[in-house]
Amino acid sequence: LPALTGINPTTANAGAADLTLTATGTDFGPTTDVVFDGTTLQTVFTSSTQLSATVPAALLAVGKTATVTARTPGLGGTSAGASFTVSNLPATLGAINPGTALAGSPSTSLVLNGAGFAQGAVVTFGGTMIPSMVSSPTQITAMIPAAQLLKSGVFTVAVRNAAPGGGGAGDQVFRVDAVIKTVAGGFNGDNGLAVSAALSRITWM
């Protein structure tokens, strides 16, 4: 039974290129493989105490804690696991579009541009998570529900990548402007309906 006592390195940033992983232990054989979170890696047998394996970039795309084992096919068995951490980098939000809406607007689509957006990144509007989809590492599309546009005010839009690592910076401001109705031309009959009306936008500074 192979015994895994250590791996090097033990961490990488999400989005890293292929990396070489060195596994140390005992009772490794020429057919022993390094297994990374269930995926058998291309492995080079160095000695009974050391293996070298390539972790492809595809396995390092998203932040997670992976389990690394050494496995000898047949009756050789599988070692206990060692942890490898793939850390998300912080997301950087650079701009949002649109940046304003009128109070009482219907649900509004929001495009967020920046850098380092990881799959699973969370968008918040005024501190409340809203539906979103990561289109690319530089763009997210989100939907502001109508219920959050009922009242005027200034709201913070933020993006945060998930742990491990993660976080974010560059929060943006979204303004919801109030609307008032001014009446002109008097009233028509007893029902109090205005003959004409105009809408004015009150902008929050």
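P9 sits in the loop between β1 (3-8) and β2 (11-13). The peptide bond leading into P9 from N8 is cis, with omega near 0 degrees. This is a predicted model, so its geometry comes from a predictor. A second cis bond runs from N97 to P98, with omega near -5 degrees. P98 belongs to the loop between β11 and β12 (100-102). Why point these bonds out? Most residues other than glycine have a negative phi, and most peptide bonds are trans.

**Backbone angles in the loops**

Two aspartates go against the usual sign of phi. D27 has a phi near 60 degrees, a positive value in a residue other than glycine. D37 also has a positive phi, near 50 degrees. D27 lies in the loop between β3 (19-26) and β4 (33-36). D37 is in the loop between β4 and β5 (39-40). Are these residues buried or exposed? D27 has 54% relative accessibility, so D27 counts as exposed. D37 has 38% and therefore counts as partly exposed.

**The five-stranded sheet**

Five strands form an open sheet with mixed pairing. Their order is β16-β17-β13-β11-β19. Which strands stand at the edges? They are β16 (132-136) and β19 (168-169). Each has a single partner strand, so one side of each is left without a neighbour in the sheet. Strands of a sheet pair through backbone hydrogen bonds, either parallel or antiparallel. Three of the pairings are set out here.

| Strand pair | Sense | Bridges | A bridge partner pair |
|---|---|---|---|
| β11 (residues 91-97) and β19 | parallel | two | T92 and A169 |
| β11 and β13 (residues 108-115) | antiparallel | five | L93 and G114 |
| β13 and β17 (residues 139-144) | antiparallel | six | L110 and A142 |

Strand β11 appears twice in the table. It pairs with β19 in the parallel sense, and it runs antiparallel to β13.

**A residue within the sheet**

T141 is found in strand β17. What does T141 touch beyond its neighbours within four places in sequence? Its contacts are L110, P131, S132, M133 and S135. L110 is 31 residues away along the chain, yet the C-alpha atoms of T141 and L110 are separated by 5.8 Å. L110 itself has A142 as its bridge partner in β17. T141 has 26% relative accessibility, so T141 counts as partly exposed.

**The largest pocket**

How much space lies in the largest pocket? The volume is about 160 Å³. Its lining is made of A14, G15, A61, V62, N88, L89, G116, F117, A118, Q119, P137 and N161. Which kinds of residue are these? Seven are nonpolar and five are polar. No charged residue is in the lining.

**How far to trust the model**

The protein chain has an average pLDDT of 90. Of its residues, 88% score at least 70. Residues 187-197 fall below 50. In the model, this stretch has 17 contacts beyond near neighbours in sequence. Where pLDDT is low, the predicted coordinates should not be read in detail.

How values were computed:
Residues are numbered from 1 along each chain as its sequence is written. This is a predicted model: local features need pLDDT of at least 70, side-chain atom pairs count only at pLDDT 80 or more; totals for chains, interfaces and linings use all residues. Side-chain values use heavy atoms; hydrogens and water are left out. pLDDT is the predictor's confidence in each residue, from 0 to 100. Contact means heavy atoms within 4.5 Å. Two strands pair if DSSP finds at least two bridges between them. Helices (H or I, at least four residues) and strands (E, at least two) are DSSP runs, numbered from the N terminus. On a 1 Å grid over the protein atoms alone, a cavity is a set of points where a 1.4 Å probe fits but cannot get out, and a pocket is an open set with protein on both sides within 12 Å along at least five of seven lines; lining residues have an atom within 4 Å of a point. Grid points are joined across faces, edges and corners, and a volume is the space filled by probe spheres set on the points. Ala, Val, Leu, Ile, Met, Phe, Trp, Tyr, Cys and Pro count as nonpolar, Asp, Glu, Lys and Arg as charged, and the others, Gly among them, as polar. Buried means under 20% relative accessible area, exposed over 50%, partly exposed in between (1.4 Å probe, protein chains only).
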